[in-house]
There are 2 protein chains.
Amino acid sequence: MTPRQRSPKQPRFRRQLPEERRQALILATIECLKRYGHDGLSVRTISAAAGVSVGLINHHFPNKDELIAAAYRYFNNELVGAMLAAVARAADSPRERLHAFLTASFSPPNLDADVLTVWVVFWGLYRHSRLIQRVHQETYEDYVRLVRGMLAELMTEARSKESRSNAARTPRADLRLAAIGFTALVDGLWLEWCLEPGTFRPAEAIALCEAWVGSLTRRTRGPALE
Amino acid sequence: MTPRQRSPKQPRFRRQLPEERRQALILATIECLKRYGHDGLSVRTISAAAGVSVGLINHHFPNKDELIAAAYRYFNNELVGAMLAAVARAADSPRERLHAFLTASFSPPNLDADVLTVWVVFWGLYRHSRLIQRVHQETYEDYVRLVRGMLAELMTEARSKESRSNAARTPRADLRLAAIGFTALVDGLWLEWCLEPGTFRPAEAIALCEAWVGSLTRRTRGPALE
DNA sequence: CATCTTGTTGTACGATCGTTCAATAACGTA
DNA sequence: TACGTTATTGAACGATCGTACAACAAGATG
């Protein structure tokens with residue numbers, strides 16, 4: 001009987017370093033977001049998921065919004081970090097780097113409906129929360145720089161390989177628009193797949209993106225302008 | 001003084017037909033969604049925006065979720081209807097129809113950060129609400145059919161114009177992937193603009209989409225497959 | 001003008017929200 | 001072992017949530 005009875009030496013809880021506990025709460029927040037969407041963002045749900053009492057959140061974070069912003073920062077950094085790592089891991093051919101980027105974009109853990117749920121909730125908070133806006137601004141620029149860098153490599157490579165006569169003709173405006181279009185295509189396909197996974201395979205999404213980049217570099221002006 | 005004093009014959013409220021009141025509540029719901037995001041979805045906020053007391057919502061709708069689902073249905077129908085109308089209004093050239101579609105997509109009232117806010121909140125509800133899922137399924141298929149129809153026109157036109165020898169070569173798979181890629185590009189650009197309106201102009205988004213479709217129809221296989 | 005129907009009001013209720021705070025106890029340190 | 005620091009608990013608070021419902025009144029009907 002009473003298998004639940006605590007032996008006298010068994011502590012009822014374990015103290016942790018503030019940094020570790022903060023990280024655990026951040027992970028619990030994201031987990032709740034995946035499981036319950038926006039409704040998962042209550043201190044009671046989060047603290048229960050973290051195996052901790054309600055009051056502890058306000059001991060490690062000034063308020064709930066700061067915890068959510070911290071979770072958003074972690075989530076963003078995780079994504080950008082994974083992308084940077086995937087690209088860095090690939091060979092130094094621009095084409096292979098792009099392929100690595102796309103493969104990472106269209107495979108787990110990124111390609112997951114739960115991940116979309118998390119993003120959507122954060123987007124929903126974006127417009128009315130200065131905190132979320134600031135975190136977005138601070139973390140997203142690394143992602144933009146990565147995309148622009150990859151495309152710039154590809155376009156200069158294609159430019160130098162194609163012809164030596166008009167080597168400097170590709171205008172800067174094309175890189176800007178190319179990055180915009182590429183990001184839109186990747187994000188749009190990712191969104192589409194997460195909303196309805198049955199309609200196409202990840203490999204097809206990668207092929208679509210690579211074909212877009214291909215038609216971009218085959219002719220110097222690309223599909224960016226008619 | 002007391003300009004607020006009601007003259008004895010002034011009625012304190014006006015009775016309306018259930019259908020009219022329902023519609024007014026739906027419009028108020030969308031308005032609150034635009035203004036306050038997810039936090040605007042409370043019966044008190046909505047009823048205040050509609051100039052009506054709290055209890056009236058539960059008199060015209062079985063519960064709050066049904067009101068939200070009705071608002072989602074209206075919002076979807078409004079968008080799809082505007083798109084169908086814009087395309088129907090255009091001349092019968094497939095190119096012009098596509099242009100009309102893109103122009104409607106990338107101009108007000110669709111191209112609006114407030115509209116994005118509304119979408120994001122609905123997406124956030126999608127995964128955990130059977131009601132929202134059903135409404136989405138019922139209303140979105142018209143949109144998909146419109147896009148597929150436009151692209152099919154363009155591809156068959158390009159096919160017959162290009163060469164009579166291999167007229168029947170364009171595989172069906174290309175239309176499917178083309179529609180997927182096109183939708184992704186349009187939605188992705190739209191999302192990007194709403195999140196950060198300063199980075200590119202609507203006309204540039206339209207040009208990007210038309211260039212994509214152009215490179216799709218120039219060579220029979222298009223950028224869909226390498 | 002009296003009557004009836006029913007759209008509308010506004011209070012009340014229980015549940016849940018985020019936050020506060022005094023009490024508790026885990027665990028490093030002397 | 002005794003002490004001190006502080007991470008942790010859990011009850012309590014006021015606010016707000018969605019819903020129910022009895023009372024009210026607008027407007028059609030006779």
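Here is a short chat about a predicted model, covering one residue, one cavity and one DNA strand.

Colleague: Happy to start with Asn110(A): does it count as buried or exposed?

Modeller: Asn110(A) sits in the loop between α5 (94–105) and α6 (113–126) of chain A. Its contacts include Leu79(A), Met83(A) and Trp190(A). Buried means under 20% relative accessible area. Because the relative accessibility of Asn110(A) is 13%, the residue counts as buried.

Colleague: Nice! Which residue has its backbone oxygen 3.3 Å from a polar atom of the side chain of Asn110(A)?

Modeller: Asn110(A) touches several residues, among them Ala104(A), Ser105(A) and Val115(A). The backbone oxygen at 3.3 Å from a polar atom of the Asn110(A) side chain belongs to Ala104(A).

Colleague: Now the empty space: which elements give two or more residues to the lining of the largest cavity?

Modeller: The whole structure has 4 cavities of 30 Å³ or more, and the largest holds about 90 Å³. Its lining includes Val120(A), Val121(A), Val120(B) and Val121(B). The elements that give two or more residues to this lining are α6 of chain A and α6 (113–126) of chain B.

Colleague: And DNA strand D: which element gives the most residues to the surface near it?

Modeller: DNA strand D is surrounded by 24 residues, with Arg21(A), His59(A) and His60(A) among the closest. A polar side-chain atom of Arg21(A) is 2.5 Å from a phosphate oxygen of the strand. Two elements give two or more residues to the surface near DNA strand D, α3 (56–60) of chain A and α2 (43–49) of chain B. With 3 residues, the element that gives the most is α3(A).

Key:
Residues are numbered from 1 along each chain as its sequence is written. Chains are lettered from A and ligands numbered from 1 in the order in which they are written. This is a predicted model: local features need pLDDT of at least 70, side-chain atom pairs count only at pLDDT 80 or more; totals for chains, interfaces and linings use all residues. Side-chain values use heavy atoms; hydrogens and water are left out. Helices (H or I, at least four residues) and strands (E, at least two) are DSSP runs, numbered from the N terminus. Buried means under 20% relative accessible area, exposed over 50%, partly exposed in between (1.4 Å probe, protein chains only). A polar contact is a pair of N or O atoms within 3.5 Å; within protein, one must be able to donate a hydrogen and the other to accept it, and residues adjacent in sequence count only if both atoms are side-chain atoms. Contact means heavy atoms within 4.5 Å. On a 1 Å grid over the protein atoms alone, a cavity is a set of points where a 1.4 Å probe fits but cannot get out, and a pocket is an open set with protein on both sides within 12 Å along at least five of seven lines; lining residues have an atom within 4 Å of a point. Grid points are joined across faces, edges and corners, and a volume is the space filled by probe spheres set on the points. A residue is near a molecule or strand if one of its heavy atoms lies within 4 Å of it. Lists of a residue's contacts leave out its neighbours within four places in sequence.
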